Amino acid sequence: MHVVPSICTFCGVGCGLGVRVEDDRVVGVEPQPGHPISQGQLCSKGWATSFAIDPVNRLTSPLIKECGSFRRASWDEALTRISDEFHMALDELGPSGVGIISCARATNEDNYAAQKFARAVLGTHNIDHCARICHSLSVAGLLCTLGSGAMSNSIADIDQADLILIIGADVTENHAMIGARILRAQARGATVIVVDPRKTRLARLADIHLQLRLGSNIALFNGLLQIILANGWENQAFLATRCETIEPLRRHLARLTPEQTCASTGISIAELLQVAYLYSHANAAFTAYGMGITQFQSGTNNVVAVSNLVLACGQIGRPGTGINPLRGQNNVQGACDMGCLPNVYPGYQDANDRSVQEKFAAAWAAPIPQQPGLTSLGMSRAALHGQLRALMIMGEEPVLTDPDQHQVSKALQALDFLVVVELTLTETARLADVVLPAAAFAEKDGTFTNCERRVQRVRQAIAPPGEARCDWQILGALARRMGYAGMNWANAEALFDEMSALTPIFSAMSYAALDGHAGLQWPCDAAHPHGSPVLHEHSFPRGRARLLPVTQVAPDECPDAEYPFAFTTHRLHFHYGGGSMTRKSPLLERETPEALLFMHPADGAALSLHDQQAVRVRSRRGWLETRVHLTDDVPPGTLAMPYHFREAPCNLLTNSAQDPNSKMPELKACAVAVEPLPTGVLPRMPEAILLEGNHHAGL
Ligand code: SF4
């Protein structure tokens, strides 16, 4: 047996692991000793990594659908079919009629290739990925206030903080190694404050839990800042030297009172005063947030409200401080960094900037698209209206993870042609015309970028199963088939070198430099050859930071007589995403084998429900059946459900109302009704897209 150093493929923490290989098979994983983030530990999901790439159920050859059933095909036949279909769509509708959804689980190299294929081969900016439904508005909001949308500090900064503020993030479950670090910081004396409508595990352990009303984030942060300003607790030196004027925000907040904030959020005035005092007087406050504030139609403004608080108290630009969006997937930071967004090239170089366009046109020897691109949800909408004909989805599962799944499914079925690149035959892949087998992380070389901007190497430990290939190899072969020769890289390192040469924030990075430093945090350039653990120490990318007045906006859909419960979604410690990887682990599946509807016992009593009773949950968009779990994890009137389970896909219920800036759908709040099913009746799978997808698939 030998051990190949690599990085965990689940969440954005980026823990170091070793892949144990015997006879060209992965037989397990082990923690990487001395790794700067995981420090020789892994969480339950990390330990189960080997199940995620188990050869059982893996796709091993291209598949082409004929008469509703898939049959095996050669690479040559599959590539010819895809090339022909893309050419047909381009002939009919031009570059706006085709698109690519890249993958936040794939490597930076795969994602660079995806956006280059979209722009240089298809001639379109229709390139997006799942950051759209997690942190696209962190990019939008923080770009507006600071000039940079990434985590400003490092995970290790938690060790230097004397106050840790966690907002809308269930860190012990979803970013377990960060959760553990926070608990260690609390044990050495740091104050932990959690803002969350649910009583998460960390909220129960925290010094203070602000259990705000679902969707009242802006009201809370405005209210805290109003108290700080009214008492003169703001950091005046920081505001004077590092920020544009705070006066418009001060005037905006002057109208507020703590009583109003208490009424809007449900948080007592005493708690508001206590948190405002502690946060503004902390020597170093580490502020982190998750999708509990981003997945709202007011998501960008939620982020701006947090940014206002951080800036007014000067809790940024020093070790132990900062504003830190916790990215969900292992490489969602990297997929954004690589330019898999419609409006930016790699390294957030503006797609509308003439000099950037000229640089990429010259380097890629291809004309650069001029028309603005569509987001992933924009592409779904265009497909429904016949304006998008051909789409490639790489390793993403929108059928389970996007809101309003009936619409997502309809959109995918409305396409003339769908190609999916995947490890297994997922629900989305079942809807495809062609499915291509992809290599998993342990079967290829490349890099992942974790939530603290650290680019780390993954290494090929075993051969891909059957004829599976790396995404960048698939895209390179398809580009050649379509007549473009500029994606002919010899290996992943050559591709990385092309990317870093064109991307200023990566310009001093190479595989050798990454190996020498256990990864490097961007910006990593001539001025920062060893990377940048802390951003904004002396100035912000936009010069002075901006504090912007923002106003509370209620969720698009609030409870009413017909749909009396507020509904939100969350994740579980033992599962990840759509469950396609973690549900292959018998150990993880044993812990949480099914979806449950979390309901407060008082609501259960009002509906005469007993724990584990089967119920039907309805929203304006669909229904599902599941079992109810009575718990005070949720407040009365609010229900919550995890989204890992295809048997009870809770995004059938969620609302696709969007944040106007980032197009983020409001996944975290909608209204539902609950009906008990008669005793003895088991929950069944909804007659939804999933079943339609299943009978299309002949395998
Ligand atoms: Fe993997 Fe995240 Fe767990 Fe670390 S915390 S082992 S990266 S799932």
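**Figure 1. A nonpolar surface patch that includes Met1.** A residue is called exposed when its relative accessible area is over 50%, and in this predicted model Met1 is exposed because its relative accessible area is 60%. Met1 is found in the segment that comes before strand β1 (2-7). Together with Val3 and Val27, Met1 makes a nonpolar surface patch of about 260 Å².

**Figure 2. The residues around the ligand.** The shell is formed by Cys8, Phe10, Cys11, Gly14, Cys15, Leu42, Cys43, Lys45, Gly46, Ala176 and Met177. Two or more of these residues are given by each of the helical elements α1 (44-47) and α7 (176-187). Sorted by class, the shell around the ligand has 8 nonpolar residues, 2 polar residues and 1 charged residue.

**Figure 3. Cysteines without a disulfide partner, Cys451 and Cys470.** A disulfide is a covalent bond between the sulfur atoms of two cysteines, and a search of the whole structure finds 0 of them. For Cys451, the nearest cysteine sulfur is that of Cys11, 7.4 Å away, and Cys451 itself is buried, with a relative accessible area of 1%. For Cys470, the nearest cysteine sulfur belongs to Cys103 and is 13 Å away. Cys470 also counts as buried, because its relative accessible area is 7%.

**Figure 4. Asp84 and Arg481, separated along the chain by 397 residues.** Although their positions lie 397 residues apart in the numbering, the C-alpha atoms of Asp84 and Arg481 are separated by 9.4 Å. Asp84 has its place in helix α3 (residues 75-93), where Asp84 is partly exposed, with a relative accessible area of 42%.

**Figure 5. Backbone geometry at Pro523, Ala365 and Ala518.** Most residues other than glycine have a negative phi, and most peptide bonds are trans. The peptide bond from Trp522 to Pro523, however, is cis, with omega near 0 degrees, and Pro523 lies in the loop between β20 (520-521) and β21 (565-570). Ala365, which is not a glycine, has a positive phi of about 50 degrees; Ala365 is found in the loop between α17 (354-364) and α18 (376-384) and counts as exposed, at 65% relative accessibility. A positive phi, near 50 degrees, also occurs at Ala518, whose place is in the loop between α24 (511-516) and β20. Ala518 is partly exposed, with a relative accessible area of 39%.

**Figure 6. The salt bridge between Glu498 and Lys116.** Side chains of opposite charge can pair when their charged atoms come close, and a search of the whole structure finds 29 salt bridges. In one of these, the side chains of Glu498 and Lys116 meet at 2.8 Å, N to O. The pair links distant parts of the chain, since Glu498 is in helix α23 (residues 492-502) and Lys116 is in helix α4 (residues 108-121), 382 residues apart. Both Glu498 and Lys116 are buried.

**Figure 7. Further salt bridges, including that of Arg430 with Glu427.** The side chains of Arg430 and Glu427 meet at 4.0 Å, N to O; these residues are 3 apart in helix α21 (residues 427-430), so about one helical turn separates them. Arg430 counts as buried at 18% relative accessibility, and Glu427 counts as buried at 6%. Another salt bridge joins Glu625 to Arg616, at 3.0 Å from N to O, and Glu625 is buried, with a relative accessible area of 3%. Elsewhere, Lys199, Arg204, Asp632 and Asp633 are joined into one network by salt bridges that share partners.

Note on methods: Residues numbered from 1 in each chain as written. Predicted model: local features only at pLDDT ≥ 70, side-chain atom pairs only at ≥ 80, totals over all residues. Heavy atoms only, no water. Near = heavy atom within 4 Å. Helix = DSSP H or I, 4+ residues; strand = E, 2+ residues; numbered from the N terminus. Nonpolar A, V, L, I, M, F, W, Y, C, P; charged D, E, K, R; others polar. Patch = residues over 30% accessible without salt bridge, like charges linked within 9 Å, V, L, I, M, F, W, Y side chains within 5 Å. Areas by Shrake-Rupley, 256 points an atom, 1.4 Å probe, with all protein chains shown as cover. Buried < 20%, exposed > 50% of the residue type's maximum accessible area, 1.4 Å probe, protein only. Disulfide = S-S within 2.5 Å.
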